[in-house]
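Trainee: Please choose one part of this structure and examine it closely for me, stating the criteria behind each term as you go. I would then like to see how that part relates to its surroundings.

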Amino acid sequence: MLKARSGENLENTEKILNVLKEKVHRYCTPLRLNHIKGVSKLSRELARQYLVDIQETDIAAWAHDMFRDVSSEKLLSMARDYGINISDIEEKKPILLHGKLAAIYLKKHFDVDDEIFEAVYWHITGYPGLSILGKILMVADMAEEGRSFESARIIRTIAKKDLEEAFKNVIRLKVKWAVESGLFIPVELAMTWNYLLGGVSLGGNKGSQKE
Ligand SMILES: [Fe+2]
Ligand SMILES: [Fe+2]
């Protein structure tokens, strides 16, 4: 098995990336492919700046949306095959499963370490206490150069000075969009926002869950 672990050699990472790129070309639309390239580019820049492993960042960037253009029916059947506990919101909006499925695919096929796994798994909603790699992926996902709207440009600029602030802006924007579009707010997104505001434990009840 090809493994993706910190300190693995570059040749191994190249082989994994080749497999991922082949999958992305097979499963994704040309627009998505451009987006993924943009995420890879910006996340590499941020990884260099914030001293995160570039190889891990590349794997996370290329994998994060590999199942983004797969049909809802297929996502649900993959999630059942992978044994994911599908939430009510995911049942209604199966597209929300694409990050979890990509993360589990990476774990199964390349035994990726927890940082890559969690970054990809939570890239849609965030999660309290997400790693720097996870924050970089979410910021790059929102603000890669193909995103031309004003908020993306602002987040791109902030990210080069303050990753935490850029990440907070990404979560704020996702909450805002969900409310303004009349969409569900995934629980983990709300938890992440509350966590970023400070003083709130994971479930919102102090002492009910550990941080
Ligand atoms: Fe995604
Ligand atoms: Fe994406």
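**Helix packing**

Mentor: H8 and helix H9 (residues 150-159) pack with their axes 8 Å apart and at an angle of about 145°. This is a predicted model, in which local features need pLDDT of at least 70 and side-chain atom pairs count only at pLDDT 80 or more, while totals for chains, interfaces and linings use all residues. Residues are numbered from 1 along each chain as its sequence is written, and chains are lettered from A and ligands numbered from 1 in the order in which they are written.

Some terms are needed at once. Helices (H or I, at least four residues) and strands (E, at least two) are DSSP runs, numbered from the N terminus. Axes are lines fitted to C-alpha atoms, for helices over the stretch in contact, and angles run from 0 to 180 degrees between N-to-C directions.

The crossing of H8 and H9 is left-handed (the near helix is turned anticlockwise from the far one by less than a right angle; clockwise would make a crossing right-handed). On the H8 side the contact is made by Val-139, Met-142 and Ala-143, and on the H9 side by Ala-152, Ile-155, Arg-156 and Ala-159; two residues are in contact if their C-beta atoms, placed from the backbone, lie within 7 Å. By class, the contact of H8 with H9 has six nonpolar residues, no polar ones and one charged one. Here Ala, Val, Leu, Ile, Met, Phe, Trp, Tyr, Cys and Pro count as nonpolar, Asp, Glu, Lys and Arg as charged, and the others, Gly among them, as polar.

Which residues of H9 are buried? They are Ile-155, Arg-156 and Ala-159, a residue being buried if 20 or more other C-beta atoms lie within 10 Å of its own, exposed if 12 or fewer, and partly exposed in between, with C-beta atoms placed from the backbone. Viewed down the axis of H9, these buried residues fall within an arc of 105°, so they line one face of the helix; the arc is that of the directions from the helix axis to the C-beta atoms. Glu-150 and Thr-157 are exposed residues on the face of H9 turned away from its buried side. The buried residues of H9 pack against H2 and H10 as well as H8.

H8 also takes part in another packing. The axes of helix H3 (residues 54-63) and helix H8 (residues 132-143) come within 10 Å and cross at roughly 45°. H3 and H8 are therefore oblique to each other (angles under 35 degrees count as roughly parallel, over 145 as roughly antiparallel, 65 to 115 as roughly perpendicular and the rest as oblique). H3 passes H8 in a right-handed crossing. In this contact Glu-56, Thr-57, Ala-60 and Ala-61 of H3 meet Leu-133, Ile-136, Leu-137 and Ala-140 of H8. The residues divide into six nonpolar, one polar and one charged.

Glu-56 of H3 leads on to Asp-113: the two are 57 residues apart in sequence, yet their C-alpha atoms are 9.0 Å apart in space. Asp-113 belongs to the loop between H6 and H7 and counts as buried, with 20 C-beta neighbours inside 10 Å. The loop between helix H6 (98-110) and helix H7 (114-121) also holds Asp-111, whose phi is positive, near 50°, although this residue is not glycine. With 13 C-beta neighbours inside 10 Å, Asp-111 counts as partly exposed. Leu-51, another non-glycine residue, has a positive phi of about 60° and is found in the loop between helix H2 (30-49) and H3. Leu-51 is exposed, with 7 other C-beta atoms within 10 Å. For context, most residues other than glycine have a negative phi.

Within helix H2 lies Asn-34, which counts as partly exposed with 14 C-beta neighbours inside 10 Å. Asn-34 and Glu-145 are 111 residues apart in sequence, with a C-alpha to C-alpha separation of 9.8 Å.

As for the wider setting, the protein has eleven helices and zero strands. Of its 211 residues, 39% count as buried. Among contacts with a separation of 6 or more, 58% come from residues 24 or more positions apart.
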